[in-house]
Amino acid sequence: MSLVRRSSDLLKPFTTAASTTSFLNSRRHFSTDDTTTITVETSVPFTGHNCEPPSRSVDTTPTELMKFFTDMALMRRMEIAADSLYKSKLIRGFCHLYDGQEAVCIGMEAAITKKDCIITAYRDHCIYLGRGGNLLQSFAELMGRQDGCSNGKGGSMHFYKKDACFFGGHGIVGAQVPLGCGLAFAQKYRKEDHVTFAMYGDGAANQGQLFEALNMAALWDLPAILVCENNHYGMGTAEWRAAKSPAYYKRGDYVPGLKVDGMDAFAVKQACKFAKEHALKNGPIILEMDTYRYHGHSMSDPGSTYRTRDEISGVRQERDPIERIRKLVLAHDLATEQQLKDIEKLARKEVDEAIAKAKESPMPAESELFTNVYRKGFGVESFGADRKELRATLP
């Protein structure tokens, strides 16, 4: 079988067991032969701390390759649309976009199941979509509408999907990591064969609560995987200005770590598969995803005062996660350039249709202000200081 080699800055296909028979121009369904095995090599080697890194060779199929492309194209389009909706004042409050970082979400989902838990910070839209959420629920939540995934009461930072083990969406920097270790504790207590991915950014990597939670996870050998999405800027502060040691995968000291190219979906897939196997046998591990966000920290940040436009365009040209997959698809003749453009057009159409439906969704009722604050009826009555006289009863 002939070998196909590519330059080191791209995913490199170097073996294929067969060629695909045909490709149907559809977002979801492709006429491909899944007995075909395509082996790709990650863009750069993994770097390990207290562990032997996994192989750079990753097996995939035509269907998975096409799914990576279509899902990332949809995520990218969703975030671009969210930018426009925010500028049109249809989205209010905080809004943090994920475009550029899609490979982390896509690669992670390819390596795990919906029984594995994910908990993250406030850059959560695409993580929710990857867990099986839909566009209508996403845009409705962004616009504070009743049909949103959190009934319009969470907004951008508090997406949630319990039935797929996605536990948010958290606004307090670093606070989700102890909660994630608690989820891992529950998994071990119940003797489940699942793990928890607790995701945080480089801006949260210096939080004390992160190290406290990691210490307990290590003591109890919890199946916790701490994922540092290092996009190199904590708000507007470069990592080297905020951290004496920005090698975040080594921060666990006694806990093993792995540095991963977070712009390479297959590197992320391989790393997450490796981390899951490790965590189930040996306890916690840290994954540092070397990634990049194209937008500013949030919609209030233009993202151009602390970095140059040349830096941003350079990453787009050399490391963009969607373009890497596009090159792989074309290299293996799974689709033509026009078919891939058609998929992107269809993603745009799906996003536009979801936005139109979300705009029709009503705002939550005023009575919803008092629901989901206390658990199942606890705290719905209010008393005076003497605990005798009833002052008020909330609806």
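Below, a student and a tutor discuss how the terms used for this predicted model follow from its values.

Student: What does the protein contain in terms of helices and strands?

Tutor: The predicted model has 11 helices and 13 strands. Of the 395 residues, 54% count as buried.

Student: Why does Leu287 count as buried?

Tutor: Leu287 has 0% relative accessibility. Buried means under 20%, so Leu287 counts as buried.

Student: Where is Leu287 found, and with what is Leu287 in contact?

Tutor: Leu287 is found in strand 11, residues 285-290. Leaving aside neighbours within four places in sequence, Leu287 is in contact with Ile225, Leu226, Val227, Cys228, Leu258, Ala271, Cys272 and Ala275. The C-alpha atoms of Leu287 and Gly48 are separated by 9.5 Å, although the two residues are 239 residues apart along the chain.

Student: Which residues touch the most other members of the largest nonpolar core?

Tutor: They are Phe139, Phe197, Ile225, Leu287 and Ile325, in a core of 73 residues. Helix 1, residues 62-87, supplies the largest share of this core, with 11 residues. Apart from this core lies another, of 18 residues, including Ala213, Ala217, Leu226 and Ala243.

Student: With which residues is Phe197 in contact, leaving aside its neighbours within four places in sequence?

Tutor: Phe197 is in contact with Met108, Ile112, Cys117, Ile118, Ile119, Ile225, Val227 and Cys272.

Student: Why is Asp333 called exposed?

Tutor: Asp333 has a relative accessible area of 62%. Exposed means over 50%, so Asp333 is exposed. Asp333 lies in the loop between helix 10 (321-331) and helix 11 (337-360).

Student: Why is Asp221 called partly exposed?

Tutor: The relative accessible area of Asp221 is 38%. Partly exposed lies in between the cut-offs of 20% and 50%, so Asp221 is partly exposed. The place of Asp221 is in the loop between helix 6 (208-219) and strand 7 (224-230).

Student: What is phi in Asp221 and in Asp333?

Tutor: Asp221 has a positive phi of about 55°, although it is not a glycine. Phi of Asp333 is near 55°, also a positive value in a residue other than glycine.

Student: How do you know that Gly182 is partly exposed?

Tutor: Gly182 has a relative accessible area of 37%. That value falls in between 20% and 50%, and therefore Gly182 is partly exposed. Gly182 lies in helix 5, residues 176-189. Its C-alpha atom is separated by 9.0 Å from that of Leu222, 40 residues apart along the chain.

Student: How are two packed helices described?

Tutor: They are described by the angle between their axes and the distance between the axes.

Student: Why are helix 1 and helix 10 called roughly antiparallel?

Tutor: Helix 1 and helix 10 pack at an angle of about 150°, with their axes 10 Å apart. Angles over 145 degrees count as roughly antiparallel, so helix 1 and helix 10 are roughly antiparallel to each other. Their crossing is left-handed. The contact is made by Leu65, Met66, Phe68, Phe69, Met72, Ala73 and Arg76 of helix 1 and Pro321, Ile322, Ile325, Arg326, Leu328 and Val329 of helix 10. By class, this contact has 11 nonpolar, no polar and two charged residues.

Student: What makes helix 2 and helix 8 oblique?

Tutor: Helix 2 (residues 102-111) and helix 8 (residues 265-282) pack at an angle of about 45°, with their axes 7 Å apart. Angles under 35 degrees count as roughly parallel and 65 to 115 as roughly perpendicular. The angle fits neither range, nor is it over 145 degrees, so the two helices are oblique to each other. The crossing of helix 2 and helix 8 is right-handed.

Student: Which residues of helix 2 and helix 8 make the contact?

Tutor: Among them are Ala103, Val104 and Ile106 of helix 2, and Ala265, Val268 and Lys269 of helix 8. By class, the contact has nine nonpolar, one polar and three charged residues.

Student: Why are helix 4 and helix 11 called oblique?

Tutor: The axes of helix 4 (residues 135-142) and helix 11 come within 8 Å and cross at roughly 50°. That angle also falls outside the parallel, perpendicular and antiparallel ranges, so helix 4 and helix 11 are oblique to each other. Helix 4 passes helix 11 in a right-handed crossing.

Definitions and conventions. Residues are numbered from 1 along each chain as its sequence is written. This is a predicted model: local features need pLDDT of at least 70, side-chain atom pairs count only at pLDDT 80 or more; totals for chains, interfaces and linings use all residues. Side-chain values use heavy atoms; hydrogens and water are left out. Axes are lines fitted to C-alpha atoms, for helices over the stretch in contact, and angles run from 0 to 180 degrees between N-to-C directions. Helices (H or I, at least four residues) and strands (E, at least two) are DSSP runs, numbered from the N terminus. A crossing is left-handed if the near helix is turned anticlockwise from the far one by less than a right angle, and right-handed if clockwise. Contact means heavy atoms within 4.5 Å. Ala, Val, Leu, Ile, Met, Phe, Trp, Tyr, Cys and Pro count as nonpolar, Asp, Glu, Lys and Arg as charged, and the others, Gly among them, as polar. A nonpolar core is a set of buried Ala, Val, Leu, Ile, Met, Phe, Trp, Tyr and Cys residues joined through side-chain atoms within 4.5 Å. Buried means under 20% relative accessible area, exposed over 50%, partly exposed in between (1.4 Å probe, protein chains only).
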